[in-house]
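Colleague: Please take me through the charged side-chain pairs of this model at close range, and then follow the chain outward from them to whatever lies around. I would like cut-offs stated as you go.

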Amino acid sequence: MTKKWWHNKVAYQIYPKSFYDSNGDGIGDIPGIISKLDYLQDLGVDIIWLSPCYQSPLADQGYDISDYYNIDPRFGTMADMDCLIAEAKKRNMYILMDLVVNHCSDEHEWFRKACEDPDGKYGNFFYLRDKKEGELPTNWRSYFGGSVWEDLPGTNKQYLHVFHKKQPDLNWENPELREEVYKNINWWLDKGLGGFRIDAIMNIKKALPFRSYEPDREDGLAGIHNMLQEARGIGEFLGEMRDRTFKKYDAFSVGEVFNEKPEEIPDFIGENGYFSSMFDFNEAICGQSPNGWYDASPVTPDDYKRACFEAQEKIGTIGFLSNIIENHDEPRGVSRYIPAGDCCNESKKMLAALNFLLRGLPFIYQGQELGMENTTFSSIEEVDDISTLDEYQVALNAGLTPEEALQSVAGHSRDNARTPMQWSDAANAGFTTGTPWLKVNPNYTSINAAAQMEDPDSVHSFYKQLIALRKNPAYSETIVYGTLEPVWKERHNLMAYYRRGEKTLLVIGNYQREEQKIVLSGMPKTVLLNNYPTLVMENGVVTMRGYQVLVLEM
C-alpha cells in the first residue's frame, strides 16, 4: 500500500450550527470554530470535517444547498472560511467540507431556471417527467417519507427528490451538470481545503429506465433502496470525479458509501480508489427494521462486536475504513451501543478504545470525546429533525399511542447528536450567550469540556491518551498499517482483537457489568492503556472488571 499523508491522522466532525456561537444569536458559526481550534489541537485532532455551512434555506439543516460558492450568513462570511483554513494550516490541521452533490436546494439558481424553462438547459440538470393525472412516474418512497415526485412549480411536470421535496436530485447523466460539480470542487480545493466528505453519493446513479417496485408498506410505495440495488455504472461517475478533482490535489476524500458490492470495494478505496476512505456504517444499521424506527431492536454487545468484525473482515487490507461511533445523522453512540442503565465513564472509555483501535481512520464526532449522551424529549414539539417527525408519524400509523411513538423515536433521533456542544456548566452549556437554536441536553452540568479537561480520569483525557497512542512512533506503524485479528470471537459480551505489525497489541473489552476472567496466551510486555487504575492478573489469568478495557503489548 502506498503511504498517504492522511493514513495516520485523527479526524473530528463539527456540526457548525451546534459547535460554538461567537455572536450570541443562538447558532454556532465559523468564528466560533476558529476560537476552538486550540482545544482541538490539544486533543490531538489533525483533520476537521465541517457539516454544511454553505448558503441554504436549512430545510435539511444545510444539506439543501442554494449556493455552492457562498457561506450562509448564519455561519459567517467567506472571509471567515478563508481565515479558518489559514488558522488550521498554522496548526498543521486540514479542513474538509461536505460535498453535497446528489441534490441541491429548490432555491438554487439552477432549479429556478428549470422552472422557468423545463425543456431548456437547466431542466436537464434535474430528473423531470410529464405529470399524469392520478398517476406518479414511479412508486418510490423518499428517505424522509412520501413520494419522491413533486410538482415542478408553474409547469405540467414533476421532479425527483429522493430526500426532502426541497432537495431536487441532480441529473448526473448530464455531462454539463458534472462539469459544474467538478468546477466547484476544484474552486474549493484551490482555496486550500484538505478535501471533502462526500454525502449520499450512492444515490447519484439511478436505475434506468425508471420503473415501479412491489409496495412494501400500506402507503403503496416502495423504499428507494429497491431502485438503488438495481443501479449499475456509478463507477464511471466516481472515477471521472476523482480524476478531475481530488487526484490532482492529493486531497482526502471520504465517501458516505452503502449498498456497495464486495467485489467493488477495491474500486472504492483500493490503491486507485474513487475515494481515500469510506465510512463503516455496519454498526449504525444494527437492529434496524424495514417497518421503521418503532420496530428497531436494541443493539447488544455481541451485535456490536459482530458488526465491527464483519466490516473489518470485508475490507481486510484493501484500503482504509473511516470508523465512527456516531455522527450528525445518528443518536449518541454511548446511548446506543452501551446497554441501558450502564452508561458510565468506564463503559464510555471501553467503547472508545474498542472502536478507536480498529484498523482504519478514527473519526470523532463533536462531544463524543466527552461521552455526551442522548437528550430527553418531553413532547414531539421539541423535535426539530425532519426524519424523526416522519418516523413519529410512521409509529402513529402503526397503532402506537403518541406517548409510545415519542418514546420509540427518541432514542434514534438525529437531534440527539445535534444538541449544542457542552463546553462548561455555565448557562446553555457555555455554547451561546443567547437562546440556543436547539435545547441543550440538561446533563451539561455534569458532562462538559471545562470539567473534563482538568480531570486526568475523564473520558476526554482517555481520548487524548488513545490519540497519543495512535501517534506514538513506537506503535503508530502497527496501529495504522497492522492487520486486525479477532480473538475469543464466540465469548459472550467480550470483544477482543490483536493488531499485528511491527509489534503485537491485544485490545480486550469486557462488554458487561459483571467480571470475566481471560486466560492470556503469554505475559504482556506493557500495559499501554487501562480504564481502571489497576490490573488484576495472576498466572496469566486476567480478571476483567465491569466494562474494563485493556490495551496490552504482547
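**Charged pairs and their surroundings**

Modeller: Glu330 is buried, with a relative accessible area of 16%, where buried means under 20% relative accessible area, exposed means over 50%, and partly exposed covers what lies in between (1.4 Å probe, protein chains only). This is a predicted model, in which local features need pLDDT of at least 70 and side-chain atom pairs count only at pLDDT 80 or more, while totals for chains, interfaces and linings use all residues. Residues are numbered from 1 along each chain as its sequence is written, and side-chain values use heavy atoms, with hydrogens and water left out.

The partner of Glu330 in a salt bridge is Arg336, with the closest N and O atoms 3.0 Å apart; the term stands for a side-chain nitrogen of Lys or Arg within 4 Å of a carboxyl oxygen of Asp or Glu. Arg336 is buried too, at a relative accessible area of 15%. As a general point, side chains of opposite charge can pair when their charged atoms come close. The model holds 43 salt bridges by this rule, and some of them join into a network that links Asp60, Asp329, Asp385, Arg414 and Arg418.

Other pairs have partners that are partly exposed, and Lys131 with Asp151 is one of them: at 39% relative accessibility Lys131 falls in that class, and Asp151 does as well at 37%. Their salt bridge brings the closest N and O atoms to 2.8 Å. It links distant parts of the chain, since Lys131 sits in the loop between β6 (128-130) and β7 (140-141) and Asp151 in strand β8 (residues 149-151), 20 residues apart. Strands here are DSSP runs of E of at least two residues and helices are runs of H or I of at least four, both numbered from the N terminus.

A further link over the chain is made by Lys464 and Asp42, whose closest N and O atoms are 3.1 Å apart in a salt bridge. Lys464 belongs to helix α18 and Asp42 to helix α3 (residues 37-43), and the two are 422 residues apart. Lys464 is partly exposed at 30% relative accessible area, and Asp42 is partly exposed at 37%.

Around this pair, the chain can be followed on both sides. Gly44 lies in the loop between α3 and β2 (47-50) and, at 12% relative accessibility, counts as buried. Leaving aside neighbours within four places in sequence, Gly44 is in contact (heavy atoms within 4.5 Å) with Val10, Ile467 and Lys471. By contrast, the C-alpha atoms of Gly44 and Pro73, 29 residues apart along the chain, are separated by 30 Å.

On the other side, Ser458 is placed in the loop between α17 (449-453) and α18 (459-471), and its relative accessibility of 1% makes it buried. The side chain of Ser458 reaches the backbone nitrogen of Ser461 at 3.1 Å. That fits a polar contact, which is a pair of N or O atoms within 3.5 Å; within protein, one must be able to donate a hydrogen and the other to accept it, and residues adjacent in sequence count only if both atoms are side-chain atoms. Apart from neighbours within four places in sequence, Ser458 is in contact with Lys349 and Gln452.

Further along the chain is an open sheet of three strands, ordered β19-β22-β21 with antiparallel pairing, where two strands pair if DSSP finds at least two bridges between them. The edges are taken by β19 (516-519) and β21 (536-538), each with a single partner strand, so one side of each has no neighbour in the sheet. β19 pairs with strand β22 (residues 541-544) in the antiparallel sense over four bridges. Within that pairing, Ile518 has Val542 as its bridge partner, while Lys517 stands opposite Thr543. In a regular strand the side chains alternate between the two faces of the sheet. For β19, Gln516 and Ile518 form the covered face, and Lys517 and Val519 the uncovered one.

Lastly, the cysteines: the count of disulfides, meaning pairs of cysteine sulfur atoms within 2.5 Å, is zero. Cys83 has the sulfur of Cys53 as its nearest cysteine sulfur, 13 Å away, and is partly exposed at 33% relative accessibility. For Cys344 the nearest is the sulfur of Cys343, at 7.4 Å, and Cys344 is partly exposed with a relative accessible area of 28%.
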